[in-house]
Amino acid sequence: MKTLLHNYLNTFKGLSKEVWWLALITLINRAGTMVIPFLSLYLTEDLGFTLSNVGTIMACFGLGSVVGSWLGGKLTDQIGYYKVMVRSLLGTGILFIALQFLNSFIAICSGVFMVMLVADMFRPAMFVALSAYSKPENKTRSLTLIRLAINLGFSAGPAIGGVIITAIGYGGLFWVDGITCLLATFVLILVLNPKKSKIQDDIEVSLPESAYQDKAFIIFLFAMFLFGVIFLQYFSTIPIYYREAHILSELQIGLLLGANGFFIFLIEMPLIKWLENKTISKISLILIGAVLTAFSFLILNITTWSGILIIGMILMSFGEMIAFPFSNAFALERANKGNKGEYMALYSIAFSMAHIFGHKAGMQMIDGLGFDNTWYIITLIGGICVFLLFILKKYLSIKNV
């Protein structure tokens with residue numbers, strides 16, 4: 001057991017202290033976004049909006065994320081990642097606090113759009129910062145550490161949010177969200193001043209290539225959009241399937257979904273460390289992750305035995321653990337060819353677009369076609385994703401780029 005723990009801790013060795021600080025800032029920031037899981041309840045129960053109104057507001061949420069990611073990438077290339085990160089965190093903190101004072105439908109739509117616009121400017125800037133503070137051989141593991149921080153933050157956030165709502169109501173969420181963003185800003189300014197930090201990988205390109213002209217990257221983005229669509233079903237349609245098709249209780253659903261975070265915390269870093277030592281390309285690994293995730297839906301139609309849900313969750317968890325870190329690393333690798341902010345903004349936008357279309361499409365399919373047909377269609381979408389990644393792999397080998 002002692003040897004196992006020692007080997008596990010060794011997988012974290014070699015990461016720069018700036019990467020660890022970025023992980024802490026991300027943990028504080030993500031734990032602070034506890035208002036997001038409760039937003040639909042707040043809008044219906046406290047403000048009395050209809051489900052149609054809530055759908056429109058959540059669309060504004062997604063659009064804000066898309067515009068914010070694009071703008072964050074542009075500003076990162078123009079003024080640098082540090083200034084974008086500080087302004088994004090500071091602005092998000094102020095806007096979260098102000099959001100609770102909006103009551104009308106138009107005001108809430110505008111407010112949610114602005115909050116997500118400012119908040120998601122942080123993502124491309126953070127990716128560029130991570131690239132700067134990581135040695136080339138450590139980038140995938142650095143990205144994995146950030147993912148661990150995000151997952152821990154998302155796990156802790158809703159639990160803390162539930163306590164706050166019970167104690168002082170929804171208004172308390174906005175105050176705590178805002179204050180945690182301001183706290184993350186303070187930590188960032190205190191520990192990550194780029195003038196005092198040692199930049200480990202600062203690649204300058206004299207004639208930067210536009211991400212929009214990088215054919216390989218465009219194919220990659222389409223594949224990641226499709227992967228995002230199938231992956232996000234685990235946060236929208238799959239919980240409904242657990243409840244209606246397998247009659248699971250809220251506790252059982254929570255434990256099953258929580259197992260995903262447990263697998264990631266326990267296995268992802270050693271898995272990534274092991275895979276990095278193999279002579280397998282990043283695209284091949286992303287392809288394997290996409291296959292596992294797609295197959296996690298297909299097997300749901302094989303049997304009505306509820307144990308298949310555990311097998312499906314394990315397959316999806318391994319698919320996610322492989323696909324996300326290596327897709328992040330591939331995007332950062334391509335970004336070294338040109339404008340890093342632009343590249344990482346488009347990578348973030350691919351998943352923001354999946355948020356806009358994925359949830360709604362999944363809900364409409366289970367409503368009109370039923371669960372079994374929906375899982376066949378989701379598997380087909382996963383198959384198209386795998387095909388695009390296969391095409392990309394062939395394209396990269398021919399072009400040698």
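Buried here means under 20% relative accessible area. With that cut-off in hand, here are my notes on this predicted model.

1. **Overall make-up.** The protein has 15 helices and zero strands. Of its 401 residues, 53% are buried. Take the contacts between residues at least 6 apart in sequence: 85% of them join residues at least 24 apart.

2. **The main core.** The largest nonpolar core holds 102 residues, and the members touching the most others are Phe-220, Met-224, Phe-227, Tyr-242 and Tyr-347. Helix H15 supplies the largest share of this core, with 19 residues. There is also a second, separate core of 21 residues, which includes Tyr-42, Val-54, Cys-60 and Tyr-170. As background, nonpolar side chains in soluble globular proteins tend to be buried together.

3. **Tyr-242 in detail.** Setting aside neighbours within four places in sequence, Tyr-242 is in contact with Tyr-234, Ile-247, Leu-248, Ile-253, Leu-256, Leu-257, Leu-309 and Met-313. It is worth displaying this group together, as Tyr-242 is also among the core members with the most partners.

4. **Ile-247, one of those partners.** Ile-247 sits in the loop between H11 and helix H12 (250-276). Its phi is near 50°, a positive value in a residue other than glycine. Is Ile-247 buried or exposed? Ile-247 counts as exposed because its relative accessible area is 66%, and the cut-off for exposed is over 50%.

5. **H11 against H15.** Helix H11 (residues 237-245) and helix H15 (residues 340-399) have axes that come within 11 Å and cross at roughly 65°. This crossing is right-handed. On the H11 side the contact is made by Thr-237, Ile-238, Ile-240, Tyr-241, Glu-244 and Ala-245, and on the H15 side by Gly-362, Met-363, Ile-366, Phe-371 and Trp-375. Sorted by class, that gives eight nonpolar, two polar and one charged residues.

6. **H14 against H15.** What angle and axis distance describe the packing of H14 and H15? The angle is about 145°, and the axes are 4 Å apart. H14 contributes Phe-324, Ser-327, Asn-328, Phe-330, Ala-331, Leu-332, Arg-334 and Ala-335, while H15 contributes Lys-340, Tyr-343, Met-344, Tyr-347, Phe-351, Leu-392 and Leu-396. The classes here are eleven nonpolar, two polar and two charged residues. Tyr-347 of H15 appears in this contact and is also one of the core members touching the most others.

7. **H13 and H14 as helices.** H14 has 29 residues and spans 42 Å from its first C-alpha to its last, close to the 42 Å expected at 1.5 Å a residue. H14 is mostly covered, with 24 of its 29 residues buried. H13 has 17 residues and reaches 25 Å between its end C-alphas, close to the expected 24 Å. Buried residues of H13 include Ile-283, Leu-287, Gly-289, Ala-290, Thr-293 and Phe-297.

8. **The loop joining H13 and H14.** Ile-302 lies between helix H13 (282-298) and helix H14 (307-335). At 60% relative accessibility, Ile-302 counts as exposed, since the cut-off for that label is over 50%. Its C-alpha is 9.6 Å from that of Asp-372, though the two residues are 70 apart in sequence.

9. **Ile-267 on H12.** Ile-267 belongs to helix H12 and is partly exposed, with a relative accessible area of 25%. Beyond its neighbours within four places in sequence, Ile-267 is in contact with Phe-318 and Met-321. The C-alpha atoms of Ile-267 and Phe-318 are separated by 8.9 Å, with their positions 51 residues apart along the chain.

10. **Two more loop positions.** Glu-209 is in the loop between helix H9 (170-191) and helix H10 (215-231). With a relative accessible area of 25%, Glu-209 is partly exposed. Glu-209 and Glu-342 are 133 residues apart in sequence and 10.0 Å apart in space, C-alpha to C-alpha. Gly-14 is in the loop between helix H1 (2-10) and helix H2 (17-32), and it counts as exposed at 54% relative accessibility. The C-alpha atoms of Gly-14 and Arg-141 are 9.5 Å apart, and these residues are 127 apart along the chain.

Key: Residues are numbered from 1 along each chain as its sequence is written. This is a predicted model: local features need pLDDT of at least 70, side-chain atom pairs count only at pLDDT 80 or more; totals for chains, interfaces and linings use all residues. Side-chain values use heavy atoms; hydrogens and water are left out. Axes are lines fitted to C-alpha atoms, for helices over the stretch in contact, and angles run from 0 to 180 degrees between N-to-C directions. Helices (H or I, at least four residues) and strands (E, at least two) are DSSP runs, numbered from the N terminus. A crossing is left-handed if the near helix is turned anticlockwise from the far one by less than a right angle, and right-handed if clockwise. Contact means heavy atoms within 4.5 Å. Ala, Val, Leu, Ile, Met, Phe, Trp, Tyr, Cys and Pro count as nonpolar, Asp, Glu, Lys and Arg as charged, and the others, Gly among them, as polar. A nonpolar core is a set of buried Ala, Val, Leu, Ile, Met, Phe, Trp, Tyr and Cys residues joined through side-chain atoms within 4.5 Å. Buried means under 20% relative accessible area, exposed over 50%, partly exposed in between (1.4 Å probe, protein chains only). The expected span of a helix is 1.5 Å times one less than its number of residues.
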